[in-house]
Amino acid sequence: MNKKENSHEPMPSMVKSEPQEASVPSAPPSISTTSTTISSNVQVKPEPHVEASISNADLSIPSRDMGYALSRNTSLVLTESKKYTVYRSVDDIPYSSEAALREGMEMVNCLKVYMSKLTLGSKLRQDVWNRDLANLQTQSTPKTLIAVCGATGAGKSSILNALLEDNIVPTSGMRACTAVVTEIAHHNKHTIDADVSFLSVSEWKQELSILQSDLIEEDGTLKRTHDLKSDAGVAWQKVHAVYPTLTQERLVIMTADQIIAHDPTIAQLLGSTKHISARNSRQFREEIAKYIDSKDQSRGKKDKKDKKNDEESLMDKVRVGASKKKDPNVPAFWPLIRQVNVQCPAECLSSGCVLVDLPGVADANAARNSIAKDYMKRAQCIWILAPITRAVDDKTARDLLGDAFKMQLKMDGNYDAHAITFIASKTDDISCSEVISALHLEDDPELEAIEDDLERINEETEQVTLTKKNSDEAIEDIEKKLESLRAVHEEHEEHIEALKNGEDFTPVLTAGPASETTNIKKRKNLRKGKKGSSKRRRSSLDQDSEDDAKECNRNSDNSDSESESESDSDTSDAEVSESNHSERFSNEDGDINIGVKVEEVTVETITEKTKQTKAEIAAARVRLSDARKERKNAADRLAILKKSFSKAQKTKNGWCSLKRSEFSRDVLKEDFRTGLKELDDEAAEERDPENFDSSANQRDYEAINLPVFTCSSRDYIRLTNQVKGDGEPTCFSDKVSTGIPDLQAWCHTLTVASRTRAVKNFYDSLRTFATNINSFVSGIGDVTDEDRQDLQDKWESIMDEEDEDHHMSADAEVEDDPFTAFLNGRAEYQTLTATKSIKKNSKGITPRLKEEFGNLIQDCIVQLQESFKDGLEDKCRVGASLSANGAVEISDNFAASMHWATYRATLRRHGEFRRNLNVELLALFTKNIATSWSKVFETDLLGHFEETIQAAICRLLDDIVDSTAAGLKERVRMQGELCKAEADVALKQVVAVVRETINTQQKDVSRCLAPHVQNNLIDGYDLALEERGQGSVARQKLVFRTFLSERKDDVFDEGADIIMEGLSTMCSSVGDALKVAFGELAKRIEVNLAILWENVQGDPSLAMGRKKMTETIAEILEQTQLWLNAANKAKSVASTSINDQPLQDVDTEMK
């Protein structure tokens, strides 16, 4: 034997506030174990330990004297590290279902190590404990399946994307997402994965045949396919998408096999599954779009208008290259998709919630329809989603559920507030005036305050707008004045330059009395200055203009782009003034009036005038700057007021939306209660028509609280910037008001019950298993060998070797029925076979219990069958008669309520198209049995059976006590109590599985009627379709009517027989599976009691190993109780969930 030792320095145990991992320090046999005892209040850090590898030969030391013993090398191998965390109190435990199972698994692994060091001896004990261990190791957190239902356009995809915090579900342009079931679950990876499964060859062939029929008229000609909403348009879209090179003319003359063989790529894709893995949602959308993108591809000729510019620019080529346009003849795959399974790291799904997006409309494909129905059957919760406008206006919770759908939910036991959640979407779609008027909110103080704020903002906006307008006018006037002054200033500069150069100059804008020395003729000549002088003369003016420009730039409003160019007016105030001045010194002939004194024009006088003009310009510039500042302030204030108005309007929108949501929740809850009362009243009237009182309530309807959520996915997505460039939210300013966070929390709440129940079952089983090992290792002292032998001889089972081998055979046959298969799917039952009993002559605990359990199971099955017969058979017969009597009328109304083309499409699909004629024909049948059906399966069908099993176990324990010696009775009685506790745990778990499976199978039975009716009417559907030519529509209706009239009695009577036969078969399957399960329970009970005649304490040298093992098991038992208490605490918190919504499937508190 090889042994590896790790040297280490011992570390003292330390008490810490934070939990630490515990380990068992190695201790040689010669050292006292007192120092190695681990207190439950002490956190022990992991320490290096001695690892030992022991051969299998050393682990098995059978001894007749000891019965079963610890291996003699246990002292070496009990130094395995314990990887679970030791907690001191419930408050220290960071509880979650995953953490509870994870820690429990570490405890199981620790027990597994210890168990591997034991010599179990008995094959029966080995079998039972190995199965128990396998069951514990295969435990996982359960999934809660939520079916999301809603009409097309209700906003399901947007709600799901908001819940997932990512754009994963296609929302537009992808027609496949309205017809394909999409399952969305959680995984711990950082990627988004999907499995896209495609229709099989047979499924696609069946749909092709129907689509071809939709394209052809009765006379063999092609139907018009321009209307994409027509049956022919939809059919052509699907087929043309998959086979773009096939023309309609060619398509209709080909068989389904020929069409499939036309494209080998498509043929190869059928029946396959494509896996997609993407790093983010953008890449995921690109990848999955290859399969589900159903956007119309341009397959036609290019429009002549588009040929105007044939030559592409460089940017055109770049765009084309970037867009990577596909060949229009490349097939699309969306019509071939069967189902899409998505896995993503969405937090709202992390607790085990699985969302299933069901088709919004009826689909022509039978495979997809079957998948959707199966999900509806398996779903624990159903979300019904509709726009809030429908809920408020004319649609209620009752109307949104069809009668057939309600009846099926009632039969399933799901038409209650525990299983149904209503979601009103698009709450941001609001008209405040309509809501205020409809809900009479005009006098609400909150609304008045909001409207006062809006009115104040509007009034201030008007004032500031007027101020800005006045500023604009003042700026315009000042700018004109500045333009005139600058022109005068420029003329003065030119005049001074002319005087300095001795040149003649005739002022235009500043003409005044001429000096006595002025040459009149020269004065009349135009100025002919040098080219360079003009630039010098304007230098000063340009500087002023530049200063004005700088001033403008300093005072301009960056957000105001209005033009402020100077006016080119021909006249100005200065021109008029100077012109009038000149006229006073001129006569009619244009000569100077010598009698008037004329001011002498000199450089000094002109310079003085220039200074005056500059002063006027500076003053005007100051006024212009002030006006511009005033305008800028007004513009800034307007911008602020605009934002304030938008914010106030959003506040009003949000307030009105929340008021509407509050009203809608109350309306929907009350409508749901009313719908339940109507169903209850109908059932009460049927039971006792004479004493029926419609005013009496059958139950406390006020206590029924339908979970209702009002959500705005669009505003939530905008608030979280989930989509870039999607604009600002229009209604809500915070995420909580959108309702999405509450719905995300509801996802977690819905999983609490099932996950807590799973944790409870796991820790109950773990505690029982640990207790058994502890009892086995500790053994029973103070019992003589004679007494042990006497008990063993009386109660130990002796099974034939042949039975043992057959039992363990992997090839043994198992009953081929759904319930047994369900049980055999668990590790506990995977090795069980159809051999359910041993010979009656065999003695011992197991044979006795198997025989008694078998009799009790048979009694239970008989009681179940009688219960079904008494409660349902008469109802089924009456329902069959009602459906038969009303079948022809229902069929006539069905045919008259739709377009003839839709009726023919329904015939081609054997009654199941946009509406299901088969289901409608069964409406009276279903309605008649719905209440009784739900009542039968709501009762505790296995309550009495559970009591009789417990009584049988107690009788056995009493008999064992009576058969023992007087000195041993008390010890046997104590062991019997432990045995009974273990049996109770196992019994409850088995019965829970049976109840769950009965519920599943009754759903299957209740759904068998519609397929039965369809199968019996197929000949009628096909016969009606054979009618062609003029008047064929009327003849088709008549043919089917005649066929239905002849067959209706047999069809519905046989339906009643099928229901009862299905229930009887279910009972037989349950009985067979119960015999297997309780055969195992009998063995477990014997293994537990066998400790009474086994002796594992015969070797004193193994006392150290036994002590260590019992200490560790005691610690595990303490930890299991702490985790159970933590689960109770978490569940108590969750029960007071958001919006006081009811928590479904609430269990009793765990002990």
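A residue is counted as buried when its relative accessible area is under 20%, and in this predicted model threonine 1112, with a relative accessible area of 3%, is therefore buried. Threonine 1112 is placed in helix 36, which spans residues 1103-1135. Its C-alpha atom is separated by 9.8 Å from that of alanine 770, although the two residues are 342 positions apart along the chain. Alanine 770 falls within the range of helix 24, residues 740-778.

Helix 24 in turn lies across several strands of a sheet, namely strand 5 (144-150), strand 10 (353-357), strand 11, strand 12 and strand 13, and runs at about 165° to strand 11. The sheet is open and is formed by nine strands in the order 8-7-9-6-10-5-11-12-13, with mixed pairing. Strand 8 and strand 13 (708-710) stand at its edges, and because each has a single partner strand, one side of each is left without a neighbour in the sheet. On average, and with direction ignored, neighbouring strands of this sheet are turned by 20° against each other. Strands of a sheet pair through backbone hydrogen bonds, in either a parallel or an antiparallel sense. The parallel sense is found between strand 11 (residues 381-387) and strand 12 (residues 420-425), which pair over six bridges, and isoleucine 382 has isoleucine 420 of strand 12 as its bridge partner.

Helix 22 (residues 603-687) also lies across part of this sheet, where it covers strand 12 and strand 13 and runs at about 155° to strand 13. Within the range of this helix, an unreviewed UniProt entry places a feature named "coiled-coil region" at residues 610-644. In the model, the chain over residues 610-644 is 100% helix and 0% strand, and the C-alpha atoms at its two ends are 50 Å apart.

Strands 7, 8 and 9 are associated with a further helix, helix 11 (residues 281-292), whose buried residues are Ser281, Gln283, Phe284, Ile288, Ala289, Tyr291 and Ile292. The cover over these buried residues includes strand 7 (192-198), strand 8 (273-278) and strand 9 (337-344). The N-terminal end of helix 11 is capped by asparagine 280, a side-chain oxygen of which lies 3.2 Å from the backbone nitrogen of arginine 282.

Salt bridges were examined next, and the structure holds 48 of them. Aspartate 214 forms one with arginine 908, in which the closest N and O atoms are 2.5 Å apart; this pair links helix 6 (residues 201-215) with helix 29 (residues 900-908), across 694 residues of the chain. The relative accessible area is 2% for aspartate 214, which is buried, and 15% for arginine 908, which is likewise buried. Aspartate 214 also meets arginine 909 in a salt bridge, at 2.4 Å from N to O. Because arginine 909 lies in the loop between helix 29 and helix 30 (917-921), whereas aspartate 214 lies in helix 6, this pair ties together parts that are 695 residues apart in sequence. Arginine 909 is buried, as is aspartate 214.

A further salt bridge is formed by lysine 652 and glutamate 451, with the closest N and O atoms 3.4 Å apart. This pair links helix 22, which holds lysine 652, to helix 18 (residues 445-500), which holds glutamate 451, over 201 residues. Lysine 652 counts as buried at 13% relative accessibility, while glutamate 451 counts as partly exposed at 31%. Finally, Asp374, Lys377, Arg378 and Asp1004 are joined into one network by salt bridges that share partners.

Note on methods:
Residues are numbered from 1 along each chain as its sequence is written. This is a predicted model: local features need pLDDT of at least 70, side-chain atom pairs count only at pLDDT 80 or more; totals for chains, interfaces and linings use all residues. Side-chain values use heavy atoms; hydrogens and water are left out. Buried means under 20% relative accessible area, exposed over 50%, partly exposed in between (1.4 Å probe, protein chains only). Helices (H or I, at least four residues) and strands (E, at least two) are DSSP runs, numbered from the N terminus. Contact means heavy atoms within 4.5 Å. A polar contact is a pair of N or O atoms within 3.5 Å; within protein, one must be able to donate a hydrogen and the other to accept it, and residues adjacent in sequence count only if both atoms are side-chain atoms. UniProt positions are given in the numbering used here, feature names are shortened, and annotations may be inferred rather than shown by experiment. Two strands pair if DSSP finds at least two bridges between them. Axes are lines fitted to C-alpha atoms, for helices over the stretch in contact, and angles run from 0 to 180 degrees between N-to-C directions. A salt bridge is a side-chain nitrogen of Lys or Arg within 4 Å of a carboxyl oxygen of Asp or Glu.
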